[in-house]
Every structure is written in C-alpha cells, then in structure tokens.
Amino acid sequence: MNNYWDLAVFLFRIVNQVIFFYLVFVCFFYFILFFLAFNRLKRERGLHNVEPYKKVKKSAFTPPLSVLVSAYNEEIGIIGTVLSLVTGSGRLDYPEYEVIVVNDGSKDQTMQKMIERFKMVPLKDKVFQKRNGIETKPIKAVYKSEIYPQLLLVDKANGGKSDALNAGINLSKYPYFASIDGDTILEPDSFLKIMKPIIENTEQEILAAGGNVLIANGSTIVHGQMKEMRLSRNPWVIMQTIEYMRAFLMGRIGLSKNNLLLIISGAFGVFKTARVIQAGGYKLGTIGEDMELVIRLHRMNIENKWGAKIEYVADPVCYTEVPEEIKILRNQRVRWHRGLFESLWAHRKMALNPKYGRIGLIAIPYFLFVELFGPLIEMIGYLVVFIGWILGEVNIQYSLALLLFMVMYGSFLSMGSVLLEEWRLGKHKRVSELNCLFFFALSEAFWYRPIMTYWRVKALMSAIMGKKQGWGEMKRKGVSS
C-alpha cells in the first residue's frame, strides 16, 4: 500500500512541476507578444489620422475590391451592415469596389428586407461561373440594386458559411476580396487602411490581411455608422470586450510580425482572389473555415515558394455584435475551439515539421500546445491543487506561485491590452468605463477564465471523440437603428 501511495505522490509532484514550468513558459511567451505589439503600435500610433491614406485612395495602384457578406438569418443586422458599405456620408471611402451579399438559404426575412430596402431586381441570363472547380450549392437567383449599382445579392440553397463565401468568390470580379459577417459595421476608411500594406508592399506578395474588430454592444449605431461608442453593462459583453482587445492587439500583432499569423477573423479580412481560387476556396464541412484557409495558404506559400506573407493591420476597425446570453456564448466558444481542432488536425503534417519553417516549428505548435491544449492543462492544474490538498501535499509557496502565474497569464495581460487599446484609439472616453474594464480584467482569473476553460475542454473532448458540432444558435438584438 505504501508503494502505491509513494508512486501516487511521486507522479503528483511530477505533474506539479510540468504544469508549473508550462505556465512559466506561456506567461513568458505572452509577455514577448505583448512587447512586440507595444513596439509596433508605438511606431504606428496616430497613423490612422495622417495623410498617407488619402494617397492610397488616389493611387493608380490601388486595386478594386469585392466585399463578400455571407448572411444566414441576419434580418436584424444585414441592413445596417450593407448601409455601412454603400450609402450616405459613411459609405466606404474606397475608389472602386463591389458588394456581394450571399443569402445562404435564410429562413427569416433576410432576402425580403434586402430586396425591399435596396430595390433589388433579378439579373436575367447572368452567367455564374465555377472558378477552378469551386462547386457550391445551387444558385436560385442573382439580384442587382437599382439604387446602388455596385450592390449584388445572391440567393442560394443553404450550404454553410464556407459554401456561401465560395459562391461570392465565383461571382466576384476583382483581384482582392474581403469577407465580412452579416452583423459587421465598418468605419468608412477601413478598407483604405487594410489595403495599404498590400498596395505599398511591391517587393513581397501579400496573400491576406486581417483587421481589428471591436464590440458594438452598448454603442449607438445609426444607419450603419458608429455614432457613439459605449461599453455595455452586461458582464459577459465586458469580458468579451477585454478578450477581443487582448486577442487582436496583443496576439495577432505579435504573431504577424514574423509571418506567424494563422487566424484572420471572419468578421473582417482581405484575401488575394487568385490565390484563394488556386487553393480551392473555403473548405466545406468545417466550422473553422477562416483559420483553415489561412493555414492552407501558408502551406501552399511554402510548398510553392511564393515568398508571400500574411499581414495583420491594427488600424482598420470594424464593429460586431457578440453574445449577451451565457448559453449563446457557450455555443460560440465550443464552436470556435472545435474549429481550432479541425483546422490543426487538417494540417497536422505541418506540426513540428522543419519543411514548413517557422510556421511548422513555432506558429502551429503555439496554437496546438497553448491555444488548443492549454485549457486542458489549465484544468489539470486546478485539479492538481485540489488533489494535493486531499493528499496533504499542498505546498503553500507553489500554490501561491501558481495562482500568481494564472493571474498574470490572464488578468494582467488583459489590463495591459486595455491600456494599449485606449492609448492607441481612445475609444472609451469615460473614466468610469476604463475603471470598469480594469476591474473586470483583474477579476478574469477568478470566474470568467475557469468557465471558458471548462467549455473549451468540453469542446476538445467532444472533437477527439468525433462528435459532430453544428453552428448552434446566435440570437442578435441588432446594433444599428
């Protein structure tokens, strides 16, 4: 009996040490990302207010752009999204573009609202080509607005977001396309900003560029334009606001510095049309279509020696609505983690493979061991402390150090991200809102993060066991009036 007990205590101590050093490594890695992000933002601070973007608008080298809006049951937000693109003083400030809204078999009034609001009429004898063999679900009709000639509407059978975007790619006519969600609100100069590195980087091809996403809940948006940005009073929304700041400003800026970015948000991203067509479009049957496409472009870039890169641009801003109910938030996070698993599994041969350089040796291992398996290791850490208390093996110094790293891992980095965002953009003008963000950031490790950890571990276990995962339900209140 003593031998078994001694073995259990020995294994417990080994796991203790592994988890401790894992957390030390993760914290160190995140602090590196934080300082990389700070240095880049310091160099670029205020750039969104200066003259170069006007030069981009007038430049003959500024390529026209196709804006793809995938919509499934988006009757509440779709009009505001389209208005932010095509009409009024707030319309996109870009020389030449088209907007293609793809209705993916919506069961609500999405189609009817689009047709009525924008006076859409069917195009007769419209040739709908399949580019590079990209198949989609049947196209019922293609409409064009009588008010805004650059606005098209595709009505198709339901096939999922990937299929909807592929339908938009097949119809698009310009060298770059942007994919945005049906609940997204853009600032007028968003595309001038996100296209700037593509236009100016003449020596290196840019395959894709991602932009910054902020949360619209609680703000005042009129006719598709942000009038006053306010912080929501909903605790779940406040925590998501902090998460978005950390993910976009710290993680993506730091990773993109060395061409290590594997995620471009579906809410706001630009892709080179020819390369995406060459890659076969968005992959069907996955709920992480955005990340999977970016990884596939990285893989093809390395295998075909294109010498290209994928950028993240912090200046462009779009606004999106996030879940306010815990059930909807849970479904979203389970879906995101499942999408992460599917994307990494689809390209597993790249992991730790020197053939794929920094993508195979740094980027994919980071997303694998930190983002995918990190929640599982974190949960094991909670259990280790609990089991250690039962076994009488609790080391007070170790427990305090573990708690410190957990707080640093989440709360302190979150607070730093809030500071970076406000220092850069100053979107939250009220001191009370900043104080609220700081308070919730500090509390993250004690309630919000454990909940997220549990959901993500549940999603990981479900994925490993091969259980199917749908998109779930996303109830929207609508952010535009």
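Let's start with one residue pair: Ala-71 stands opposite Asn-103 in strand β2. Ala-71 belongs to strand β1, residues 65–71, and β1 pairs with β2 in the parallel sense. Seven bridges hold that pairing. Keep in mind that this is a predicted model.

Now stay on Asn-103 and look the other way. What stands opposite Asn-103 in β5? Asp-155 does. Strand β2, residues 97–104, pairs with β5 in the parallel sense, here over six bridges. So much for the pair; now the sheet.

How many strands form this open sheet, and in what order? Ten strands, and the order is β3-β4-β5-β2-β1-β6-β11-β8-β12-β7. The pairing is mixed. At the edges stand β3, residues 120–122, and β7, residues 185–186. Each has a single partner strand, so one side of each is left without a neighbour in the sheet. As a general point, strands of a sheet pair through backbone hydrogen bonds, either parallel or antiparallel.

Walk in from the β3 edge. β3 and β4 run antiparallel, joined by three bridges. Pro-122 has Tyr-143 of β4 as its bridge partner. Next step: β4, residues 139–145, to β5. These two run antiparallel as well, with five bridges between them. Two of the partners are worth finding on screen. Lys-144 is matched with Leu-152 in β5. Ile-139 is matched with Lys-156 in β5. The two strands form a hairpin, with five residues between them.

Let's pause on β5 itself. Is this strand buried or exposed? Buried: six of the six residues of β5, residues 151–156, fall in that class, so the strand is largely enclosed by the rest of the structure. The side chains split into two sets. Leu-151, Leu-153 and Asp-155 point one way. Leu-152, Val-154 and Lys-156 point the other way. All of them are buried, Asp-155 and Lys-156 included. That split fits a general rule. In a regular strand the side chains alternate between the two faces of the sheet.

Next, the helices. Helix α5, residues 161–171, is mostly covered. Eleven of its eleven residues are buried. Among them are Lys-161, Asp-163, Asn-166, Leu-165 and Ile-169.

Back to the sheet for a moment. β1 and β2 are parallel, as we saw. Helix α4, residues 110–118, packs on this sheet. What does α4 touch? The strands β1, β2, β3, β4 and β5. The direction of α4 makes about 155° with that of β5. Helix α7 packs on the sheet too, touching β8, residues 206–215, and β12, residues 309–320. The direction of α7 makes about 155° with that of β8.

α7 has another partner. Helix α7, residues 235–256, packs against helix α15, residues 448–464. The angle is about 80°, and the axes are 12 Å apart. That makes α7 roughly perpendicular to α15. Which residues make the contact? From α7, they are Trp-236, Met-239, Gln-240, Glu-243 and Arg-246. From α15, they are Tyr-448, Arg-449, Ile-451 and Met-452. By type, the contact of α7 with α15 has five nonpolar residues, one polar and three charged.

One more local stop: Ile-302, in helix α9, residues 289–303. Its relative accessible area is 25%, and Ile-302 is partly exposed. Leaving aside neighbours within four places in sequence, Ile-302 is in contact with Lys-355, Tyr-356 and Ile-359. Take Lys-355. Ile-302 and Lys-355 are 53 residues apart along the chain, yet their C-alpha atoms are separated by 8.3 Å.

Quick word on cysteines. How many disulfides are there? The count comes to zero. Cys-318 has 0% relative accessibility and counts as buried. Cys-436 has 22% and counts as partly exposed.

Last, the whole protein. There are 15 helices and twelve strands. Of the 481 residues, 58% are buried. Now take the contacts with a separation of 6 or more. Residues 24 or more positions apart account for 81% of them.

How values were computed. Residues numbered from 1 in each chain as written. Predicted model: local features only at pLDDT ≥ 70, side-chain atom pairs only at ≥ 80, totals over all residues. Heavy atoms only, no water. Axes fitted to C-alpha atoms, helices over the stretch in contact; angles between N-to-C directions. Helix = DSSP H or I, 4+ residues; strand = E, 2+ residues; numbered from the N terminus. Parallel < 35°, antiparallel > 145°, perpendicular 65-115°, else oblique. Contact = heavy atoms within 4.5 Å. Nonpolar A, V, L, I, M, F, W, Y, C, P; charged D, E, K, R; others polar. Disulfide = S-S within 2.5 Å. Buried < 20%, exposed > 50% of the residue type's maximum accessible area, 1.4 Å probe, protein only. Pairing = 2+ DSSP bridges.
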